Amino acid sequence: MRIACTYRDTHKTWQTSEAEVIVGRSEEKGLIILDLTPDQRVSRLHARIWITNGTCWIEDLNSARGTQLNGLQIKGKGKQEVQAGATVIVGQTTLQIEVGQARDTTHKTRYLELGTVLLPEKHPDEYSDVVVHDLDATDVSLVTSQKSGDSAGALFKMVCELPFQLATKLTMDALLPAAVDQMVEMIPSAESWMLTMYDKRSDALQLKAYHCKREIRPSETLFRRSMAEGKAFIWRKDAQVELTGSIVQSGMESGIYAPLLWRGDALGAVCVTTRKATTTFGDHEVKLLVLVAQCAAMCIAMHQLRERLRKEADIKSHLLRQRWLTNSCPTRAEFGSAAAATK
């Protein structure tokens, strides 16, 4: 049952999976109440609406001002059938009743309006002793491994801490190295971990943060491929393929590349590489690098947005100040008149 209610300029929709509803202004337990507060002309228990074999019925419960069905008073006339499109007036509230097919038991009754203001407790301290356990929501070490040697547990802990580690960095200078540190922790089998940022104005890739065990040069070619395709991939050196450019200079045997994607735009890319031919990367490492890249991209985008808004606010403030000064300064004619008046 779905009931649209209109009281003066206020509109709301109330629905329930129950077959019977009491209309009024009451919080009486044991009844499904459609509360029409603040309509003061509605009685505490005003009318009853119910469904029998697919037919909707309404009956006035001897209310003070009665109930109108399609403009006719039905108080004292027993139950009345509510046809599709019928209008019911209760007090100063107009009701439109719709009857739908029975829904499955997983359907939840929408008994609150979205945007409802939650009322504070009158005595909140009364519930303080009921809390049996609490955690610091800013603590990045909430999830811990049950066994010190449990690699799966340690990885799970790092994954859970990742958003905290990045989101708590207040500057780009702190954020980008932190993202590289997370790559080091999650993929320790690599020998270098790098993060680059893309500058649209110069169409240049800039190395912003890295950590290396051995000297490995970044390959611009593979970074740009990851950004252009919007995909993460594993690259392995192949003796059958002749290498050129930055890939030759990199000196790596294998690497994983992933783009820093935010809303379809590549902000840059990250990579982990190795010079050891015996080290192999698989699907597991690719997914971990993508996870770090996605979290880092989101945080980078938020920093860029914050910086852009700050600059726009500074420009707006400057323009308003200039406008105020322009409007406040006297014109030449006004200045001449003022000077003549002082003589």
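Student: What is the volume of the largest pocket?

Tutor: In this predicted model, the volume of the largest pocket is about 730 Å³. Of its 19 lining residues, M197, Y198, L267, Q304 and R308 are the closest to the centre.

Student: What makes these lining residues?

Tutor: A lining residue has an atom within 4 Å of a pocket point. The elements that supply two or more of them are β12 (192-199), β13 (204-212), β16 (265-274) and α5 (283-328). The largest share, 7 residues, belongs to α5. By class, the lining holds 9 charged, 8 nonpolar and 2 polar residues.

Student: Why is G78 called partly exposed?

Tutor: Buried means under 20% relative accessible area and exposed means over 50%. G78 has 27% relative accessibility, so G78 counts as partly exposed. G78 sits in the loop between β8 and β9 (80-81).

Student: Which residues is G78 in contact with, leaving aside neighbours within four places in sequence?

Tutor: I58 and E59; contact here requires heavy atoms within 4.5 Å. D60 is 18 residues from G78 in sequence, with a C-alpha to C-alpha separation of 7.2 Å.

Student: How do you know that β10 and β11 pair?

Tutor: Pairing takes at least two bridges. Strands β10 (residues 87-90) and β11 (residues 93-98) are joined by 4 bridges and run antiparallel, so they pair. At one bridge, V90 has T93 of β11 as its partner.

Student: Why do β2 and β8 stand at the edges of the sheet?

Tutor: The open sheet has 6 strands in the order β2-β1-β11-β10-β7-β8, with antiparallel pairing. β2 (10-15) and β8 (72-73) each have a single partner strand, so one side of each lacks a neighbour in the sheet.

Notes: Residues are numbered from 1 along each chain as its sequence is written. This is a predicted model: local features need pLDDT of at least 70, side-chain atom pairs count only at pLDDT 80 or more; totals for chains, interfaces and linings use all residues. Side-chain values use heavy atoms; hydrogens and water are left out. On a 1 Å grid over the protein atoms alone, a cavity is a set of points where a 1.4 Å probe fits but cannot get out, and a pocket is an open set with protein on both sides within 12 Å along at least five of seven lines; lining residues have an atom within 4 Å of a point. Grid points are joined across faces, edges and corners, and a volume is the space filled by probe spheres set on the points. Ala, Val, Leu, Ile, Met, Phe, Trp, Tyr, Cys and Pro count as nonpolar, Asp, Glu, Lys and Arg as charged, and the others, Gly among them, as polar. Buried means under 20% relative accessible area, exposed over 50%, partly exposed in between (1.4 Å probe, protein chains only).
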